[in-house]
Amino acid sequence: MTLAHLKHLLPLALLIAGLVALWAFGLQRDLSWTSLSRHEAELLAIVAARPIEVGAAYVVVYAVTVACSLPEGALVTIAGGLMFGVVLGGALAITGASIGAVILFLAARYAFADIVPPRAAPFM
C-alpha cells in the first residue's frame, strides 16, 4: 500500500479509534437503561437550566453515536425524548442522526474512493 492509500484510510481509522476510546472510558457502563433512570431528575434539571447548550450537546452525542455505529443508539434516542419531550427530542435525534450519517458516509467515501470505481466499472 502506498502512502496515498493509507491517507484515504485516515477517516475510518479515526472513527475506529473514537469507538475504541469510548469503550475504553466505560461507555457500556455509563450508557445504560439503569444509568438513565438513575439520573433522570439530574438530566431534567440540567435541561431546564441550559436548554440550548444541552440540546446542542445532545445533537453532537447523537451524531457521534451514529458515526461510530454504537449499539446504544436506541438508548440515546429514548434519552432525547425523556429530556426534551417527544417532538423536540425527536427533531434533535433526527438532526444528530443525519449529521452522524453524513460523517460516516464521507469517511467511507473518502476511504474507498480509489478502490471501488475500478471494481465497479464493469457493472456500470
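Which residues make up the largest nonpolar core? In this predicted model, that core has 10 residues. They are Val47, Val54, Tyr58, Val59, Tyr62, Val76, Met83, Phe84, Leu92 and Ala93. Three helices each supply at least two of these residues: H6 (51-67), H7 (73-84) and H8 (86-111). Helix H6 gives the most, with 4 residues. A second core stands separate from this one and has 8 residues. Leu27, Ala67, Ala107 and Ala111 are among them. In soluble globular proteins, nonpolar side chains tend to be buried together.

Val76 belongs to the largest core. Its contacts were examined with neighbours within four places in sequence left aside. On that basis, Val76 is in contact with Leu31, Tyr58, Val61, Tyr62 and Thr65. Of these partners, Tyr58 and Tyr62 are themselves listed in the largest core.

The overall fold is helical in its assigned elements. The protein has 9 helices and 0 strands. Read along the sequence, the pattern is α-α-α-α-α-α-α-α-α. The radius of gyration is 18 Å, whereas the globule rule gives 14 Å for 124 residues. The computed value is well over that figure, so the protein is more spread out than a compact globule. The C-alpha trace spans about 55 × 30 × 20 Å along its principal axes. Buried residues make up 27% of the 124 residues. Among contacts with a separation of 6 or more, 80% join residues 24 or more positions apart.

The surface was considered next. The protein exposes about 8100 Å². Carbon and sulfur atoms supply 75% of this area. A nonpolar surface patch of about 290 Å² is made by Val102, Phe105 and Leu106. Phe105 is found in helix H8, and helix H8 also supplies at least two residues of the largest core.

Trp33 lies in helix H4, which covers residues 33-38. Is Trp33 buried or exposed? Its relative accessibility is 52%, so Trp33 counts as exposed; the cut-off for exposed is over 50%. With residues up to four places away in sequence not counted, Trp33 touches Ala74, Leu75 and Ile78. Trp33 and Val76 are 43 residues apart in sequence. In space, their C-alpha atoms are 9.8 Å apart.

Charge pairing was then examined. Side chains of opposite charge can pair when their charged atoms come close. How many salt bridges does the count come to? The count comes to 1 salt bridge. Arg50 forms a salt bridge with Glu53. The closest N and O atoms of Arg50 and Glu53 are 3.8 Å apart, and the cut-off is within 4 Å. Glu53 has 44% relative accessibility and therefore counts as partly exposed.

One backbone angle was also noted. Most residues other than glycine have a negative phi. Ser69 has a phi near 55°, a positive value in a residue other than glycine. Where is Ser69 found? Ser69 is in the loop between H6 and H7. With a relative accessible area of 51%, Ser69 is exposed.

Methods
Residues are numbered from 1 along each chain as its sequence is written. This is a predicted model: local features need pLDDT of at least 70, side-chain atom pairs count only at pLDDT 80 or more; totals for chains, interfaces and linings use all residues. Side-chain values use heavy atoms; hydrogens and water are left out. A nonpolar core is a set of buried Ala, Val, Leu, Ile, Met, Phe, Trp, Tyr and Cys residues joined through side-chain atoms within 4.5 Å. Buried means under 20% relative accessible area, exposed over 50%, partly exposed in between (1.4 Å probe, protein chains only). Contact means heavy atoms within 4.5 Å. Patches are made of residues with over 30% relative accessible area and no salt bridge: like charges are joined within 9 Å, nonpolar side chains (Val, Leu, Ile, Met, Phe, Trp, Tyr) within 5 Å. Accessible areas come from the Shrake-Rupley method with a 1.4 Å probe; for residues, only the protein chains shown count as cover. A salt bridge is a side-chain nitrogen of Lys or Arg within 4 Å of a carboxyl oxygen of Asp or Glu. The radius of gyration is taken over C-alpha atoms; the globule rule is 2.2 Å times the number of residues to the power 0.38.
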